[in-house]
Amino acid sequence: MDRTKQDEDYGYDIIPDRTTEKTKKQFIRESQFTFNHKCQNMLHFAMETSPYAKLLLSAMKSSGCKVFKGRHFSCEDCDGTVSGGFDAASSQIVLCQNNIHQQSHMNRVVTHELIHAFDHCRAHVDWFDNFRHLACSEIRAANLSGDCAFTNELSRFNFGLKQHHQECVRDRALRSILAVRKISREEARKIVDEVFESCFNDHAPFGRIPHSKKDAAFAYREYTNRDRYYTNL
């Protein structure tokens, strides 16, 4: 498969700086100091203060996959449809500096992509050829990152449906797959449905669905206390 076709099939076309043909434009991108500097500051704040991110970072460290800000995160320009992505080929999280403007948004994107990184760390995920693996991680990311929290859905004017959280997770997982893979909506929906139950009920490393920052903070305290207990044995 030629590189251009591969970029399109795997979603690299929505993050231009991930393609080798466009590496010369990196110098132009890096000149956009304001976006990049703001992105770096918001990333640092998320890693230091978000209980979602802090729990995931601790869990990855315990699993032998310690995350380094300078190595595993990259603030880059993306197209207008995405906020971030996980590049499995480089084990790097891409943050779309031109599309993330608020700290709360940054916190959710960092959490969402760290869930993908956590899955990459703990399991042999075939991101490129196994759509079921991809769908499972997208379901988990939508379910556990706060993407489908009531306040976020309210801001999108999506509310009032029975089992709304589950439907939100299905919809966001479906859209994430369609954004990075050239398959039909019907095929993507079928794949999501096939793996939904088991992946929706996989709450690692949180233990339960963190519906709020308070829930995430409680899960983080539980996790660190348990980790400290086993360290001292």
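**Packing around helix 3 and an aromatic pair in helix 10**

In this predicted model, the buried residues of helix 3 pack against helix 4 (51–62), helix 5 (69–72), strand 1 (73–76), strand 3 (92–96) and helix 6 (103–122). The residues that make up this buried set are Cys39, Met42, Leu43, Ala46 and Met47. They share one side of helix 3, because the arc they cover around the axis is only 135°. An α-helix has 3.6 residues a turn, so residues three or four places apart point the same way. On the face of helix 3 turned away from the buried side, the exposed residues Phe33 and Thr34 are found. Helix 3 itself spans residues 33–49, 17 residues in total, and its first and last C-alpha atoms are 24 Å apart, close to the 24 Å expected at 1.5 Å a residue.

Two further residues help to fill in the surroundings of this helix. Asn107 belongs to helix 6, one of the elements against which the buried residues of helix 3 pack. Leaving aside residues up to four places away in sequence, Asn107 touches Ala46 and Ser50; Ala46 is among the buried residues of helix 3. With a relative accessibility of 19%, Asn107 counts as buried, since the cut-off for that class is under 20%. His44, by contrast, lies in helix 3 and is partly exposed, with a relative accessible area of 43%. The C-alpha atoms of His44 and Lys69 are 8.0 Å apart in space, although 25 residues separate the two in sequence.

It is worth turning next to the aromatic residues. The structure holds three aromatic pairs. One of them joins Phe196 and Phe200, whose ring centres are 5.1 Å apart and whose planes meet at 20°, so the pair is stacked. Both residues belong to helix 10 (residues 185–200), where a spacing of four residues separates them by about one helical turn. Phe196 is buried, with a relative accessible area of 6%, and Phe200 likewise counts as buried, at 9% relative accessibility. The ring of Phe196 has a further partner in Arg170, whose charged end sits over the ring at 3.9 Å from its centre.

Phe200 also leads to helix 9 (residues 164–180), where His165 is found. His165 touches Phe200 as well as Asn143, Cys148, Ile209 and His211, not counting residues up to four places away in sequence. At 15% relative accessibility, His165 counts as buried. Phe200 is thus linked both to Phe196, through the stacked pair, and to His165, through contact.

These local pictures can be placed in the chain as a whole. The protein chain holds eleven helices and three strands, which run α-α-α-α-α-β-β-β-α-α-α-α-α-α from the N terminus on. Of its 233 residues, 47% are buried. Among contacts with a separation of 6 or more, 62% are between residues 24 or more positions apart. The accessible surface of the protein chain comes to about 12,500 Å², and carbon and sulfur atoms account for 52% of that area.

Definitions and conventions:
Residues are numbered from 1 along each chain as its sequence is written. This is a predicted model: local features need pLDDT of at least 70, side-chain atom pairs count only at pLDDT 80 or more; totals for chains, interfaces and linings use all residues. Side-chain values use heavy atoms; hydrogens and water are left out. Helices (H or I, at least four residues) and strands (E, at least two) are DSSP runs, numbered from the N terminus. The expected span of a helix is 1.5 Å times one less than its number of residues. Buried means under 20% relative accessible area, exposed over 50%, partly exposed in between (1.4 Å probe, protein chains only). The arc is that of the directions from the helix axis to the C-beta atoms. Contact means heavy atoms within 4.5 Å. Rings of Phe, Tyr and Trp (its six-membered ring) pair if their centres lie within 6.5 Å; planes under 30 degrees apart count as stacked, over 60 as edge-to-face and the rest as tilted. A charge sits over a ring if NZ of Lys or CZ of Arg is within 6 Å of the ring centre and within 35 degrees of the ring normal. Accessible areas come from the Shrake-Rupley method with a 1.4 Å probe; for residues, only the protein chains shown count as cover.
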